[in-house]
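I opened this structure to take notes on how its parts are arranged. The entries below follow the order in which I looked things up.

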Amino acid sequence: MDRLGERAPVMAPDAMLPLIARVARRVRELPDTWTLDLVAADGGPLMRYAPGQFTMMYAFGVGEIPVSVSGDAADQTRLVQTVRAVGKVSEAVTRLAAGDTLGLRGPYGTAWPVAEGYGRDVVVVAGGLGLAPLRPALYQLQAERKRFGKLVLLYGTRRPEDILFRRQLANWRRQLDMEIEVTVDHAGAAWRGHVGVVTRLIPRLGIDVDNAMALVCGPEVMMRFAASALNDIGVPEEAIHLSLERNMKCAVGLCGHCQFAGSFVCKDGAVMRYDKVRRLLGLKEI
Amino acid sequence: MEGLERIVSEHRLFQGLGPEFVNLAAGCAKNVRFNADQYLFHAEEPADWIYLIRHGQVALEVATPGRGAAQFETLGEGDIVGLTWLLPPYRWGYDARATELVRAIALDAKCLRDKCEVDHDLGYALLKRFLPVLVQRLQAMRLQLLDVYGSAG
């Protein structure tokens, strides 16, 4: 079978058995989006993960959903995940208060290949809530800043009030070693930033396209256009990595819900190389 | 090459254009500047000018009753403000406001249209440069209309 992901996923010893986690902290990012800091309910270690991986969060009696890790992988004292309330399970998860418990399986899936960017320019393109799965990669890029060339974050979202991790972005901007461009689809007259889709910023990138790597995450339509625009300016297909999203249930490649051509997004992804998926992205059948 | 011709030829839109065409285009050009919050033009006014931005940012806006101005696109260095000059009735459909100090080359649209009517080679060369910009903006606008960052995003 032609696998689309390249890196072996890191899987917990018993991949189907949920751990019990406790909410240590709950932060409202946006009116419908919350970040939860999770620790093991028994006080032990929770799980080790790599940037780009996800867990299955289980709201007891309601159900399970896949959620990407949004925290710093170097901080193993807690697991940080950002959830938007869009359905029954995510609504239940975002209603959990500090001290409440939930089930957690994982981590699952492939990771952002951050180390492949050593010695190269790195472009991170995020759309909407897609900034959350990219944040662990951004933490690593910042932690190992000297190993990379130019570092650029392009972030597009709907309106100025929908900007995720606003304080974090401001902190990174103050460090002056990462170029950050934020654009919104619509804004009032008071907004002084960019307006327009995030792909419009790509032709202006002043990077060494022959020696660059791109990490892209957001709604799939946005990723298709962003990856295509990156390729148009000269970034090779094999240097562009996307995080795909499908209906994941078992998360270990057994149930088939997230089948993507000959692969499963849960274990062969979610991070996949653009050259392997480019011709599949536009197919509505998958 | 004289100052204005050189500036015009160095703009992204005109890069690689033959010197004879650059000279014709530069004959319709002048340097302009706009302070922050100054308008380049308003909706319904005649589309008499094309602006090639050299520095700064311009917001394209539509006034919405009770909500003030809504920005739908910003343009920056190397971009063109004003594609409406190409087709009748040559009238702006939106406002354009400098959000910071803007320096630009303003091309007299009527002057350029007249030269294109006389010299079809110039007209074709310019159309080949303006049409991709139009298509890129159309594609971007389609993506914007999909509202991909809604609750499903």
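**Entry 1: a sheet in chain B.** I looked first at an open sheet in chain B, whose 4 strands stand in the order 1-8-3-6 with antiparallel pairing. I keep in mind that I am reading a predicted model. I then looked for the edges and found strand 1 (29–34) and strand 6 (80–81) of chain B, each of which pairs on one side only.

**Entry 2: one pair of strands.** How many bridges link strand 1 of chain B to strand 8 of chain B? I note 6 bridges, in the antiparallel sense, with strand 8 covering residues 102–108. To fix the register for myself, I picked out A29(B), which stands opposite L107(B) in strand 8 of chain B.

**Entry 3: a helix on the sheet.** Next I checked what packs on this sheet, and I wrote down helix 3 of chain B, residues 109–118. Helix 3 of chain B touches strand 3 (49–55) and strand 8 of chain B. I record an angle of about 45 degrees between the direction of helix 3 and that of strand 8 of chain B.

**Entry 4: where the chains meet.** I turned to the two chains together and found 25 residues of chain A in contact with 18 residues of chain B. Which elements of chain A each supply at least two residues to the side that touches chain B? I list strand 10 (187–188), strand 11 (194–195) and helix 4 (220–232) of chain A. The largest share comes from helix 4 of chain A, with 3 residues. Sorting the residues on this side of chain A, I get 11 nonpolar, 9 polar and 5 charged.

**Entry 5: strands paired across the chains.** I also followed strand 10 of chain A over to chain B, where 2 bridges join it to strand 5 (residues 68–75) of chain B. These two strands run antiparallel. For one bridge I noted the partners: G188(A) is matched with A70(B) in strand 5 of chain B.

**Entry 6: chain A as a whole.** I finished with chain A, whose secondary structure comes to 6 helices and 16 strands. The radius of gyration of chain A is 18 Å and the globule rule gives 19 Å for 286 residues; the two are close, so I put chain A down as being as compact as a globular protein of that length. I read the span of its C-alpha trace along the principal axes as about 50 × 50 × 35 Å. Of the 286 residues of chain A, I have 50% as buried. Last, I looked at contacts in chain A with a separation of 6 or more, and 72% of them are between residues 24 or more positions apart.

Definitions and conventions. Residues are numbered from 1 along each chain as its sequence is written. Chains are lettered from A and ligands numbered from 1 in the order in which they are written. This is a predicted model: local features need pLDDT of at least 70, side-chain atom pairs count only at pLDDT 80 or more; totals for chains, interfaces and linings use all residues. Two strands pair if DSSP finds at least two bridges between them. Two residues are in contact if their C-beta atoms, placed from the backbone, lie within 7 Å. Axes are lines fitted to C-alpha atoms, for helices over the stretch in contact, and angles run from 0 to 180 degrees between N-to-C directions. Ala, Val, Leu, Ile, Met, Phe, Trp, Tyr, Cys and Pro count as nonpolar, Asp, Glu, Lys and Arg as charged, and the others, Gly among them, as polar. The radius of gyration is taken over C-alpha atoms; the globule rule is 2.2 Å times the number of residues to the power 0.38. A residue is buried if 20 or more other C-beta atoms lie within 10 Å of its own, exposed if 12 or fewer, and partly exposed in between; C-beta atoms are placed from the backbone.
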